[in-house]
Amino acid sequence: MEIGIQAIASYIPTTSIDNVEQGSHFGETADFVESKLGPVKLPRKAEDQECSDLCVAAIEQLVKQQPSFDKEKIDALIVVTQNGDGEKLPHTAAIVQQKAGLPKTIAAFDVSLGCSGYVYGLYIIKGLLQAAGMKQALLITADPYSKVIDTSDRVTSMLFGDAATVSWISQNPVFKLGPVLFGTDGEGAESLQVQEGILSMNGRQVFNFASMNVPKHIKELLAACELTEAEVDAFLIHQGSAAIVDTIARRFTDKTRFIKDLKDTGNTVSSSIPLLIEKHAMNSEWNNIVLSGFGVGFSWASALMYR
């Protein structure tokens with residue numbers, strides 16, 4: 001049974017922050033904002049929008065774009081978020097089931113992971129479908145960091161954008177799920193955390209973790225797949241910042257195969273990889289693409305997807 005991504009849709013709030021202007025208030029130049037951080041604007045959800053509202057908006061886009069999509073045939077729903085609705089109890093997936101009008105027969109739960117969450121979610125769903133004989137599922141990413149950002153904090157306020165994506169997982173995929181590798185190092189837990197409702201990040205430690213571990217992890221995946229770098233059409237890695245993407249790409253022979261696209265979205269946490277797949281891969285002629293998500297925890301995961 002082949003399982004993979006049949007389609008992806010997304011929702012990006014229309015309201016946004018001018019990040020170049022914001023950067024000027026912190027004494028940063030436009031060149032620094034664009035070349036090192038990446039985003040020139042950062043989407044922000046409305047004050048009265050909950051995480052579940054972003055999820056439902058992404059599902060509505062999927063309904064518009066995919067005439068063959070039928071909510072009644074969905075068997076499972078996963079929401080990857082660490083900033084769910086309200087006090088995070090109940091789980092956001094249950095609220096999305098009701099708001100989106102999904103069947104009451106579905107399995108629905110949240111996965112508490114950050115920037116590695118999309119890759120983890122893909123394989124949780126694959127295992128669930130295989131174990132339970134299910135046929136179709138939705139994997140949603142929605143982690144509105146604007147809920148926990150201190151706007152006076154230079155480190156976090158210029159990086160993160162709000163967005164949501166939904167991936168339609170089925171036995172009729174455009175991209176199938178290949179080999180995957182995971183990693184966790186809890187020693188990095190304090191480098192990116194929320195305390196008393198406010199996000200804090202040790203940017204240097206997060207950067208060092210990503211630049212040291214992610215290239216090695218991707219190369220281990222290629223070895224496990226018995227693929228060379230040249231046999232991979234594109235590397236779609238988490239868009240932590242422009243500097244992180246550039247640094248990881250320089251560890252490889254052809255850095256142009258690493259897609260960098262966060263100018264209009266910023267770091268959207270678990271949504272950054274599916275946004276890249278939706279925009280760059282689904283209608284491409286690529287056959288092999290490598291995903292790599294990394295961040296909070298520290299947690300990381302790399303996977304091959306193929307046609």
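**View 1. The turn between β12 and β13, in a predicted model.** Three residues sit between the strands of this hairpin, and one residue to look at here is Gly-297, with a positive phi near 140°. On one side of the turn is β12, covering residues 288-295; on the other is β13, covering residues 299-306.

**View 2. Strand β13 beside β12.** Zoom out from the turn and you see the two strands running antiparallel, with eight bridges joining them. For a landmark along the pair, pick Ile-289, which stands opposite Met-305 of β13.

**View 3. Strand β13 beside β8.** β13 also pairs with β8, residues 175-184. This pairing is antiparallel too, and it comes with seven bridges. Look for Lys-176 here: its bridge partner in β13 is Tyr-306.

**View 4. How β13 is covered.** Of the eight residues in β13, seven are buried, so the strand is largely enclosed by the rest of the structure. Across the chain, buried residues come to 56% of the 307.

**View 5. Stepping back to the whole chain.** Nine helices and 13 strands make up the element count. The radius of gyration is 18 Å, close to the 19 Å from the globule rule for 307 residues, so the chain is as compact as a globular protein of that length. Along the principal axes, the C-alpha atoms fill a box of roughly 55 × 50 × 35 Å. Among contacts with a separation of 6 or more, 78% link residues 24 or more positions apart.

**View 6. The surface and its charges.** About 13,000 Å² is exposed, with carbon and sulfur atoms supplying 49% of that area. There are 26 positive and 36 negative side chains, and the centres of the two sets lie 4 Å apart.

Technical notes
Residues are numbered from 1 along each chain as its sequence is written. This is a predicted model: local features need pLDDT of at least 70, side-chain atom pairs count only at pLDDT 80 or more; totals for chains, interfaces and linings use all residues. Side-chain values use heavy atoms; hydrogens and water are left out. Helices (H or I, at least four residues) and strands (E, at least two) are DSSP runs, numbered from the N terminus. The radius of gyration is taken over C-alpha atoms; the globule rule is 2.2 Å times the number of residues to the power 0.38. Buried means under 20% relative accessible area, exposed over 50%, partly exposed in between (1.4 Å probe, protein chains only). Contact means heavy atoms within 4.5 Å. Accessible areas come from the Shrake-Rupley method with a 1.4 Å probe; for residues, only the protein chains shown count as cover. Lys and Arg count as positive and Asp and Glu as negative; His and the chain ends are not counted. The place of a charge is taken as NZ of Lys, CZ of Arg, CG of Asp or CD of Glu. Two strands pair if DSSP finds at least two bridges between them.
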